[in-house]
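Biologist: I keep meeting labels such as "buried" and "oblique". Please show me how each label is earned.

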Amino acid sequence: MAPERDDHEDILLAPIERTGPGFYWAVAFLSLLILWGAAAYAVQFTEGLGVTGLHQPVAWGFYVTNFVFFIGISHAGTLISAILRLSKAEWRRPITRMAEVITCMVIFIGAGQILVDLGRPDRMMNVLRHGRYQSPLLWDATSISAYLTASLTYLYLPMIPDIAILRDRLGKRKLLYSVLALGWTGTAYQQKVLNRAIAIMAVLVIPIAISVHSVVSFVFSMTLQPSWHSTIFGPYFVVGAIFSGIAGLIVTMIIFRKAYGLDYYLKPIHFRYLGQLLLIMSLLWFYFTFAEYLTGYYGAEPEEMKVFWSKFTGPFWPFFWAMVLCNFVVPLSCLTRLQRHTVGKVLIASICIIIGMWLERFIIVVPTLSFPRLPFPQGVYAPTWVEWGETAGSLGLFALFYLLFTKFFPIVSIWEIREGREHSLKEVEQRIASYLPGDAGEKV
Amino acid sequence: MAQPPPVSDRLVRTLQWLWLGWAFLLVGGVIIWIVGLILASWRLDDVVQASVGISLVAIPIFIVFMGVVFYVFWGVALHGRKREN
């Protein structure tokens, strides 16, 4: 039996069927950012890394900061979606697709930062041909490849029924949708196969996602550099990644809710739940930050203290305290009461967190290199227009990829919403009955 | 409104097989790359245990990905359609 069609589904298909002037304006603006990035990269490619602010001893600056930041944002999608799916959180249904797309888009941008940082991208071939698995950099390459593969698979599988809807209802891109739909007709057997595959991927993707950001942290913590050599860097990075990931997801949701009129699907209750999650992550982030800095301070190792004071009162103090403000003070004040003005408060907190988490990555990467343990002179890092251009271009590229995706596929999962409407009410009722004391649970 | 021309079923099937082949090529390429690194460390006597240890985790994960993709292709595109018929 064909599932009942919801009239509001047209809202989800509208961006694919029609293109308004807003889309072209957005593409034009993002293209300008990308052009700036391309020009910056062209200059860097021909002149060398000397045109950037990178030098000895500060050899890692914006690019590595962006790499860690973007890989962190990628945790928005697959990981959060998998956790919500496995925990049968029913409110996930309009959110998961948006989250999964963020991961797939941003992970390309994140990994690309390393190519940009190399100066000579052809040297990437050395890693491929002569890589050594003793190096955490190669652990990164492997785990990011696994995460990208898993994320693409995990994005594609739940899209199959929706692609079949597009194949049957839309008059354009018939060939593309027919190929990608894999002959989906919605039979019980096909649904069973798909549900099983999604469940396997959801289980697999969680440890892989956690391993990715742990391994990213190992690039720093496996060295003996002050403020990097820390045993809690793995979980600290994972918490930061999920934190910034949720913030990124919320901002994306709010933008597309406004642009595509998705109020019917993305309700204040979704933002309230995500806001509560964000508050918990903010507290966790503060706990890890406090533990990390207190341990360093208490040890009072001279090299460590140079870096420590450079962040608290030295040249990096504006970034450090702005980070604390953005990641802890603002979220705490915005997210503790979410009964009124929910969307606005959650948006302010999320934007602050995205800025704060970028600053956190910067604060981790640059100060340690500015005060080297080896007898190099101290260095000051000042990014040039090339690094700013690359950063703007990367953000533009991510936003453009995301925007283009929404012109080809529905950004909210149509079949999962239908499934929720048709089956979940009864299923949730049965599940609650099974939790309650008595015989009711035995029947389920 | 003019209807778009119907899509050839044969062409769709061929492109679906190519789509599956591309996925296998991608994952297979990563596995071949990892095996190549093990062989290089073996040849250079360069802490082979590290390469083998990491590969023991990484390679099965990629094989499981391939398995899941093939399972869906088999279940949805091949077997699912047969059952429907």
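**From values to labels**

Modeller: Start with a pair of helices: H11(A) passes H15(A) in a left-handed crossing. Keep in mind that this is a predicted model.

Biologist: What makes H11(A) and H15(A) oblique to each other?

Modeller: Helix H11 (residues 233-260) of chain A and helix H15 (residues 342-370) of chain A pack at about 135°. Angles over 145 degrees count as roughly antiparallel, those under 35 as roughly parallel, and 65 to 115 as roughly perpendicular. The angle fits none of these, so H11(A) and H15(A) are oblique. Their axes are 8 Å apart.

Biologist: Which residues of H11(A) and H15(A) make the contact?

Modeller: On H11(A), they include Gly240(A), Phe243(A), Ala247(A) and Ile254(A). On H15(A), they include Val346(A), Ser350(A), Ile354(A) and Glu360(A). By class, the contact of H11(A) with H15(A) has 12 nonpolar, 4 polar and 1 charged residues.

Biologist: Now take H7(A) and H10(A). Why is H7(A) called roughly antiparallel to H10(A)?

Modeller: H7(A) and H10(A) pack at about 150°, with axes 9 Å apart. The cut-off for roughly antiparallel is over 145 degrees. The angle passes that cut-off, so H7(A) is roughly antiparallel to H10(A). Their crossing is left-handed.

Biologist: What kinds of residue meet in the contact of H7(A) with H10(A)?

Modeller: They divide into 18 nonpolar, 3 polar and 1 charged. Among those from H7(A) are Trp139(A), Tyr147(A) and Ala150(A). Among those from H10(A) are Val205(A), Val212(A) and Phe218(A).

Biologist: Next, Leu152(A), which is in helix H7 of chain A. How do you know that Leu152(A) is partly exposed?

Modeller: Count its neighbours. Leu152(A) has 19 other C-beta atoms within 10 Å. Buried needs 20 or more, and exposed means 12 or fewer. The count falls in between, so Leu152(A) is partly exposed. The C-alpha atoms of Leu152(A) and Val205(A) are separated by 11 Å, and the two are 53 residues apart along the chain.

Biologist: What makes Leu182(A) buried?

Modeller: Leu182(A) has 24 other C-beta atoms within 10 Å. The cut-off is 20 or more, so Leu182(A) is buried. Leu182(A) is in the loop between H9 and H10 of chain A. Its phi is positive, about 55°, although Leu182(A) is not a glycine.

Biologist: Why is a positive phi worth pointing out?

Modeller: Because most residues other than glycine have a negative phi. Chain B has a case too: phi of Asp45(B) is near 50°. Asp45(B) lies in the loop between helix H1 (9-43) and helix H2 (48-84) of chain B.

Biologist: Buried or exposed: which is Asp45(B), and why?

Modeller: Asp45(B) has 7 C-beta neighbours inside 10 Å. The limit for exposed is 12 or fewer, so Asp45(B) counts as exposed.

Biologist: And Phe73(B), in helix H2 of chain B? How do you know that Phe73(B) is buried?

Modeller: Phe73(B) has 21 other C-beta atoms within 10 Å. The cut-off is 20 or more, so Phe73(B) is buried. Leaving out residues up to four places away in sequence, Phe73(B) touches Leu182(A), Leu20(B) and Leu78(B).

Biologist: That brings in both chains. How many residues of chain A are in contact with chain B?

Modeller: 35 residues of chain A are in contact with 34 residues of chain B. H10(A) gives the most to the chain A side, with 9 residues. That side divides into 19 nonpolar, 13 polar and 3 charged residues. As for chain B, it has 2 helices and 0 strands, and buried residues make up 22% of its 85 residues.

Biologist: Which residues touch the most other members of the largest nonpolar core?

Modeller: Ile160(A) and Ile246(A) do, in a core of 138 residues. H15(A) supplies the largest share of this core, 16 residues. Beyond its neighbours within four places in sequence, Ile246(A) is in contact with residues including Ala76(A), Ile80(A) and Leu274(A).

Biologist: One last label. Which peptide bond is cis, with omega near 5°?

Modeller: The one from Gln56(A) to Pro57(A). Pro57(A) lies in the loop between helix H2 (21-47) and helix H3 (62-73) of chain A. Most peptide bonds are trans.

Key:
Residues are numbered from 1 along each chain as its sequence is written. Chains are lettered from A and ligands numbered from 1 in the order in which they are written. This is a predicted model: local features need pLDDT of at least 70, side-chain atom pairs count only at pLDDT 80 or more; totals for chains, interfaces and linings use all residues. Axes are lines fitted to C-alpha atoms, for helices over the stretch in contact, and angles run from 0 to 180 degrees between N-to-C directions. Helices (H or I, at least four residues) and strands (E, at least two) are DSSP runs, numbered from the N terminus. A crossing is left-handed if the near helix is turned anticlockwise from the far one by less than a right angle, and right-handed if clockwise. Two residues are in contact if their C-beta atoms, placed from the backbone, lie within 7 Å. Ala, Val, Leu, Ile, Met, Phe, Trp, Tyr, Cys and Pro count as nonpolar, Asp, Glu, Lys and Arg as charged, and the others, Gly among them, as polar. A nonpolar core is a set of buried Ala, Val, Leu, Ile, Met, Phe, Trp, Tyr and Cys residues joined through C-beta atoms within 7 Å.
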